[in-house]
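Biologist: Please take one part of this model and look at it closely, and then place it in the setting of the rest of the chain. I would like the backbone and the side chains treated together, with the criteria stated as you go.

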Amino acid sequence: MRRKTIGDQELALLQYLGENQPASVGEVAAGFGEARGLARSTVLTMMERLRTKGYLQRAQHEGVYRYQTTAEQQDVVSSAVGSFVEKTLQGSISPFVAWMSEKAEVSDNELAELEALVSRLQSQRRED
């Protein structure tokens with residue numbers, strides 16, 4: 001089943017919860033929402049939307065619902081990037097590559113990751 005897309009704020013909330021789970025709405029509102037100027041009710045709405053979309057699950061523990069992610073963080077980020085490429089860049093990664101080439105602060109680790117990815121893609125292409 002393909003999951004529904006999520007927005008930037010929802011992605012940030014999922015990443016926060018992925019590092020701080022399981023958590024109650026109050027805990028997420030304090031740790032995530034306050035820094036972003038979000039009311040507890042807004043955080044609750046976001047968390048319930050993410051639960052409806054299948055990204056979060058909740059279980060009651062000692063009278064309080066505690067939420068946790070249903071997918072690995074990398075899966076969520078990968079899905080968000082794929083959606084961005086398809087919808088915003090019309091399936092072309094060229095604009096992203098151009099942006100990366102102009103980005104001044106590409107670290108040695110990021111560059112090594114990119115080189116490894118290109119190598120893997122070239123290897124897959126030769127196998128086909």
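Modeller: Glu-62 lies in the loop between E1 and E2, where helices (H or I, at least four residues) and strands (E, at least two) are DSSP runs numbered from the N terminus. The model is a predicted one, in which local features need pLDDT of at least 70 and side-chain atom pairs count only at pLDDT 80 or more, whereas totals for chains, interfaces and linings use all residues. Residues are numbered from 1 along each chain as its sequence is written, and side-chain values use heavy atoms, with hydrogens and water left out.

Although Glu-62 is not a glycine, its phi is positive, at about 55 degrees. Most residues other than glycine have a negative phi, and most peptide bonds are trans. Glu-62 adopts this phi within the hairpin of E1 and E2, which has two residues between the strands. With a relative accessibility of 73%, Glu-62 counts as exposed; on this scale, buried means under 20% relative accessible area, exposed over 50%, and partly exposed in between, with a 1.4 Å probe and protein chains only.

The two strands that flank this loop, E1 and E2, pair in the antiparallel sense over six bridges, pairing being accepted if DSSP finds at least two bridges between two strands. Within this pairing, Gln-60 has Tyr-65 in E2 as its bridge partner. The ring of Tyr-65 also has the charged end of Arg-58 over it, 3.8 Å from the ring centre; the criterion here is that NZ of Lys or CZ of Arg is within 6 Å of the ring centre and within 35 degrees of the ring normal.

On the N-terminal side of the hairpin, helix H3 offers a second point of interest. Strands E1 (56-61) and E2 (64-69), together with helices H1 (8-19) and H2 (25-33), are among the elements that cover the buried residues of H3, a contact being heavy atoms within 4.5 Å. Those buried residues are Val-43, Met-46, Met-47, Glu-48 and Leu-50. An α-helix has 3.6 residues a turn, so residues three or four places apart point the same way. The 13 residues of H3 (residues 40-52) should span 18 Å at 1.5 Å a residue, and the end C-alpha atoms are 18 Å apart, which agrees; the expected span is 1.5 Å times one less than the number of residues. H3 is followed by Gly-54, whose phi is positive, near 95 degrees.

Two other places in the backbone belong beside Glu-62. Gln-90, in the loop between H4 and helix H5 (94-102), is a residue other than glycine with a positive phi, near 50 degrees, and Gln-90 is exposed at a relative accessible area of 64%. The loop between H1 and H2 contains Pro-22, and the peptide bond from Gln-21 to Pro-22 is cis, with omega near -10 degrees.

The helices H1 and H2 on either side of that proline are also linked through their side chains. A search of the whole structure finds two aromatic pairs, counted where the ring centres of Phe, Tyr or Trp (its six-membered ring) lie within 6.5 Å, with planes under 30 degrees apart called stacked, over 60 edge-to-face and the rest tilted. One of them joins Tyr-16 and Phe-32 in a tilted arrangement, 5.7 Å centre to centre with 45 degrees between the planes. Tyr-16 lies in helix H1 and Phe-32 in helix H2, so the pair ties together parts that are 16 residues apart in sequence. Phe-32 is buried, with a relative accessible area of 0%.

For the chain as a whole, there are six helices and two strands, and from the N terminus on the elements run α-α-α-β-β-α-α-α. The radius of gyration is 18 Å, well over the 14 Å that the globule rule gives for 128 residues, so the chain is more spread out than a compact globule; the radius is taken over C-alpha atoms, and the rule is 2.2 Å times the number of residues to the power 0.38. The C-alpha trace spans about 55 × 35 × 25 Å along its principal axes, and buried residues make up 23% of the 128 residues.
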